[in-house]
Amino acid sequence: MQDFHTTLKSNNSQVMYRFEICANSVASCIAAQEGGADRVELCAGIPEGGTTPSYGMIRNARKSIDIALNVIIRPRGGDFLYSKSELEEMLYDIAVAKELGADGLVFGCLRPDGSVDIEAMKPLMEAAGDTPVTFHRAFDHSADPFQALEDIIELGCARILTSGCQPTALEGAPLLAQLVEKAGDRIIIMPGCGVKENNIAEIARLSGAREFHFSAREPVESGMIFRNPEVAMGSEDDPYGTVQTTARRVAATIAPLKS
């Protein structure tokens, strides 16, 4: 597995930035690698905020890229309060993702009061074993982010994906900076949501974060010639168009931290 990273020199010290792409397909994974990303987070169900990808998608992604492959373990959209059956499903999915060569896992559970569901997380962490775990943006729905930070560290997670409990990482930069400071070297705080070419350098400056999560997607036109405009699929506004990560946008988003 190749390990790409960007190293910058500032005030006689080296700063290493790492970039993770939220990939919604194998094509997006390949584009992430071509654009210079270090890692992908493979997700299905992007309109729902990301759900567990299929066996076939994970297997094909692992075959197609050399950079790190993290797999989200999320049985459905909506909240992060899971039933016993859903937690069992997550355990099965963790086993499959590890079997297929995932380098990392991404999940998170909350209690009804907005605290980290430690009891639900423990068996998932045990199933993950030595595979690094990212606690995803369930964190942004926690009632007390600083207590959640300590609970997640205690559980042994490697990083937290967060927008600073705001709609975008830029808006959440003040809290992100506090989290980065309190986390120290105990856990990685990785800003995500709304990270783009025109703001990644500002988010880095304001937050002090060294890892960033973004999708770098662009619309892709369908090759269909015959189209029935009367029939939509699910909640999609355009049943023919898709959005995919492009190498061009990955490279363009990384570029401000190289200059």
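**Group meeting talk: charges, core and cysteines**

Hi everyone, let's start on the surface: glutamate 119 counts as exposed, with a relative accessibility of 54%. Please keep in mind that we are looking at a predicted model.

What does glutamate 119 pair with? Its salt-bridge partner is arginine 111, and the closest N and O atoms lie 2.9 Å apart. Arginine 111 itself is partly exposed, at 26% relative accessibility.

There is another pair to look at, glutamate 221 with arginine 227, where the closest N and O atoms are 2.7 Å apart. Glutamate 221 is exposed at 56% relative accessible area, while arginine 227 is partly exposed at 32%. In total, the structure has 14 salt bridges.

Now please turn to glutamate 211 and arginine 39. These two form a salt bridge as well, with 2.8 Å between the closest N and O atoms. Where do they sit in the chain? Glutamate 211 belongs to strand β9 (residues 211-214) and arginine 39 to strand β3 (residues 39-42), so this pair links distant parts of the chain, 172 residues apart. Are these two buried or exposed? Glutamate 211 is buried, with a relative accessible area of 7%, and arginine 39 is buried, also with 7%. Through shared partners, salt bridges join Glu20, Arg39, Arg159 and Glu211 into one network.

Next to arginine 39 in the sequence comes valine 40, and that takes us to the core. The largest nonpolar core has 65 residues, and Val40 is among those with the most contacts inside it, together with Phe107, Met121, Phe135, Ile187 and Phe212. Leaving aside residues up to four places away in sequence, valine 40 touches, among others, Ile21, Ala23, Cys29, Ile65, Ile67 and Leu69. Its contacts also include Glu20, the glutamate we just met in the salt-bridge network.

Finally, the cysteines, for those of you who think about reducing agents. How many disulfides does a search of the whole structure find? The answer is zero. Why is cysteine 43 not bonded to cysteine 22? The sulfur of cysteine 22 is the closest cysteine sulfur, but it is 4.0 Å away, and that is too far for a bond, because a disulfide needs the two sulfur atoms within 2.5 Å. Cysteine 43 is buried, with just 1% relative accessible area. Cysteine 109 is in no disulfide either: the nearest cysteine sulfur, in cysteine 157, is 9.8 Å away. Cysteine 109 is buried too, at 1%.

That's my tour, thanks for listening!

How values were computed: Residues numbered from 1 in each chain as written. Predicted model: local features only at pLDDT ≥ 70, side-chain atom pairs only at ≥ 80, totals over all residues. Heavy atoms only, no water. Core = buried A, V, L, I, M, F, W, Y, C linked by side-chain atoms within 4.5 Å. Buried < 20%, exposed > 50% of the residue type's maximum accessible area, 1.4 Å probe, protein only. Contact = heavy atoms within 4.5 Å. Salt bridge = Lys/Arg side-chain N within 4 Å of Asp/Glu carboxyl O. Helix = DSSP H or I, 4+ residues; strand = E, 2+ residues; numbered from the N terminus.
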